[in-house]
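Here is a short report on one protein model. Look over the sequence and the fold, then read on.

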Amino acid sequence: MTHEENYLAWVKDAHAMEKQAESMLEKQAARLEHYPDLKARIEQHIDETRQQQAMVQSVIDRYDTSHSVLKDTVGKLTAFGQAMGGMLADDEVVKGAISSYAFENFEIANYTALIAAAELIGDTEGARVFTEIREQEVAMADWALNHLPDVTEQFLTRSAAPGVEAKK
Ligand code: MG
Ligand code: FE
């Protein structure tokens, strides 16, 4: 495979990753009822994720000469799908917050590899796009980690109170 072919395949993987991110975040946000700060931050990141999809698509459009309809590969991210299976657990808000942090770091690693590949093949516009996206993923990962103690504490407090729902 040429550098360009590998690069294009990875950019398409990133697009699939952002589709998966959007659906995970949407499910998470829709279920949250008692954790408004977490819900608001996730909703903000849903907007960012949709913009990221368009940004990634712009790189695909410049490199994909086949003009075939993009079919996002589902199933490559099953590990995270399983992590999100924590959704139906009694402590789903805590499991979800942990999974969010893990997924953001997965995204950070993917964009780090993409930036290196973009630079190697001389796609400065791609490198700029992926750097911009990576900054949003870093900000989300930082937020998730910094708020994990709060979420945990709030969950434990609610869980110990009789008649109070804690899980979401
Ligand atoms: Mg993303
Ligand atoms: Fe993200």
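A polar contact is a pair of N or O atoms within 3.5 Å; within protein, one must be able to donate a hydrogen and the other to accept it, and residues adjacent in sequence count only if both atoms are side-chain atoms. The side chains of Arg 128 and Glu 125 make such a polar contact, at 3.0 Å.

This is a predicted model, in which local features need pLDDT of at least 70, side-chain atom pairs count only at pLDDT 80 or more, and totals for chains, interfaces and linings use all residues. Residues are numbered from 1 along each chain as its sequence is written, chains are lettered from A and ligands numbered from 1 in the order in which they are written, and side-chain values use heavy atoms, with hydrogens and water left out.

## The whole protein

The protein has five helices and zero strands. Helices (H or I, at least four residues) and strands (E, at least two) are DSSP runs, numbered from the N terminus. Read from the N terminus, the order of elements is α-α-α-α-α.

The protein has 168 residues, and 42% of them are buried. Buried means under 20% relative accessible area, exposed means over 50%, and partly exposed lies in between (1.4 Å probe, protein chains only).

Contact means heavy atoms within 4.5 Å. Take the contacts between residues at least 6 apart in sequence: 79% of them join residues at least 24 apart.

## How the helices pack

Two packed helices are described by the angle between their axes and the distance between the axes. Axes are lines fitted to C-alpha atoms, for helices over the stretch in contact, and angles run from 0 to 180 degrees between N-to-C directions.

| Helix pair | Crossing angle | Axis distance |
|---|---|---|
| Helix 1 and helix 4 | roughly 160 degrees | within 10 Å |
| Helix 2 and helix 5 | roughly 165 degrees | within 10 Å |
| Helix 4 and helix 5 | about 160 degrees | 8 Å |

Angles under 35 degrees count as roughly parallel, over 145 as roughly antiparallel, 65 to 115 as roughly perpendicular and the rest as oblique.

Start with helix 1, residues 3-31, and helix 4. Their angle makes helix 1 roughly antiparallel to helix 4. Helix 1 crosses helix 4 in a left-handed way. A crossing is left-handed if the near helix is turned anticlockwise from the far one by less than a right angle, and right-handed if clockwise. The contact of helix 1 with helix 4 has 16 nonpolar, six polar and five charged residues. Here Ala, Val, Leu, Ile, Met, Phe, Trp, Tyr, Cys and Pro count as nonpolar, Asp, Glu, Lys and Arg as charged, and the others, Gly among them, as polar.

Next come helix 4 and helix 5, which pack with their axes 8 Å apart. Helix 4 is roughly antiparallel to helix 5. The crossing of helix 4 and helix 5 is left-handed. Their contact divides into 21 nonpolar, five polar and five charged residues.

Helix 2 covers residues 36-63. Helix 2 and helix 5 are roughly antiparallel too. They cross in a left-handed way. On the helix 2 side, the residues that meet helix 5 include Leu 38, Met 55 and Arg 62. Among those on the helix 5 side are Glu 125, Phe 130 and Trp 143. The contact of helix 2 with helix 5 has 12 nonpolar, five polar and seven charged residues.

## Four residues to find

Where does Asp 123 sit? Asp 123 is in the loop between helix 4 (92-121) and helix 5 (124-160). Asp 123 counts as buried because its relative accessibility is 4%. The side chain of Asp 123 makes a polar contact of 3.0 Å with the side chain of Arg 62. It also reaches the backbone nitrogen of Gly 126, at 3.1 Å. Leaving out residues up to four places away in sequence, Asp 123 touches Tyr 7, Val 59, Arg 62, Tyr 63 and Ala 118.

Arg 128 is part of helix 5. With a relative accessible area of 44%, Arg 128 is partly exposed. Its C-alpha is 8.0 Å from that of Ile 115, and the two residues are 13 apart in sequence.

Leu 114 belongs to helix 4. Leu 114 is buried, at 3% relative accessibility. Not counting neighbours within four places in sequence, Leu 114 is in contact with Tyr 7, Trp 10, Val 11, Ala 14 and Phe 130. Leu 114 and Trp 10 are 104 residues apart along the chain, with their C-alpha atoms separated by 7.1 Å.

Met 24 lies in helix 1. Met 24 is buried, at 10% relative accessibility. The C-alpha atoms of Met 24 and Phe 103 are separated by 9.9 Å, and their positions lie 79 residues apart along the chain as a sequence separation.
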